[in-house]
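Open the model in your viewer and keep the selection tool at hand. This tour goes from one stop to the next.

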Amino acid sequence: MSHHTEVKVRFYELDPYDHVNHTSYLGYFESARVEALDAIGFGMNVLKEAGFQIVVVELNARFLAPAGLHDVLEIGTEVAETARASSKWRQEMRRDGNLIATLEVRAAFTDLEGRPHRPPDGFVEAMLKL
């Protein structure tokens with residue numbers, strides 16, 4: 001994975017079994033994708049100012065082991081493929097080097113009204129450098 005983000009588990013993200021709630025994983029993964037976009041110069045604010053947004057259209061998550069309070073999780077993010085107005089992202093979450101969750105995301109580019117749109121100039125090239 002090309003871009004890496006670290007997240008520390010907080011107590012309010014736990015379920016009654018003292019594991020990270022499955023919905024919190026999605027937030028961790030999304031934060032990592034947003035940081036990856038910032039790293040290539042196409043942060044959410046930059047895209048919005050240019051009249052674009054990226055919307056998630058499909059998710060496929062796999063949970064392999066639970067995370068718990070104060071765990072430091074490393075999330076790797078890469079772009080697996082790009083198409084005319086969409087992209088597929090792959091992400092891996094690790095704790096102490098051990099894989100604990102994966103996520104595949106299909107995201108679409110739209111204008112601010114939600115109509116499909118090609119990404120801004122230079123975006124695809126920048127994404128492929130992740």
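## First stop: Tyr25

Start by selecting Tyr25. Beyond residues up to four places away in sequence, Tyr25 touches Val20, Phe63, Ala65, Pro66, Ala67, Met93, Ile100 and Ala101. Keep in mind that this is a predicted model.

## The core around it

What is the largest nonpolar core built from? It has 31 residues. Tyr25 is among those with the most contacts inside this core, along with Tyr28, Ile40, Trp89, Met93 and Phe123. Select these six together. Now colour by element. Two helices, H1 (22–39) and H3 (123–127), each supply at least two residues of the core. So do the strands E2 (52–63), E3 (72–82), E4 (86–95) and E5 (98–111). In soluble globular proteins, nonpolar side chains tend to be buried together.

## The sheet

Next, hide the side chains and show the strands. In which order do the five strands lie in the sheet? The order is E1-E3-E4-E5-E2, in an open sheet with antiparallel pairing. Look at the edges: strand E1 (3–8) and E2 each pair on one side only. From one strand to the next, the twist averages 25°.

Zoom in on E2 and E5. These two strands run antiparallel and are joined by eleven bridges. For one pairing, select Asn60 and find its bridge partner in E5, Glu104.

Bring back H1. This helix packs on the sheet and touches E1, E2, E3, E4 and E5. Sight along H1 and then along E4: their directions make about 115°.

## Thr110

Stay with strand E5 and select Thr110. Is Thr110 buried or exposed? Its relative accessibility is 5%, so it counts as buried, the cut-off being under 20%. Show what surrounds it. Leaving aside neighbours within four places in sequence, Thr110 is in contact with Gly51, Phe52, Gln53, Val55, Arg115, Pro116 and His117.

## Zoom out

Finally, show the whole chain. It has three helices and five strands. From the N terminus on, they run β-α-α-β-β-β-β-α. The radius of gyration is 15 Å, close to the 14 Å that the globule rule gives for 130 residues, so the chain is as compact as a globular protein of that length. Turn the C-alpha trace along its principal axes: it spans about 45 × 25 × 25 Å.

Buried residues make up 38% of the 130 in the chain. Among contacts with a separation of 6 or more, 66% join residues 24 or more positions apart. Last, switch on the surface. The accessible surface comes to about 7500 Å², and carbon and sulfur atoms account for 49% of it.

Conventions
Residues numbered from 1 in each chain as written. Predicted model: local features only at pLDDT ≥ 70, side-chain atom pairs only at ≥ 80, totals over all residues. Heavy atoms only, no water. Core = buried A, V, L, I, M, F, W, Y, C linked by side-chain atoms within 4.5 Å. Buried < 20%, exposed > 50% of the residue type's maximum accessible area, 1.4 Å probe, protein only. Helix = DSSP H or I, 4+ residues; strand = E, 2+ residues; numbered from the N terminus. Contact = heavy atoms within 4.5 Å. Pairing = 2+ DSSP bridges. Axes fitted to C-alpha atoms, helices over the stretch in contact; angles between N-to-C directions. Rg over C-alpha atoms; globule rule 2.2 N^0.38 Å. Areas by Shrake-Rupley, 256 points an atom, 1.4 Å probe, with all protein chains shown as cover.
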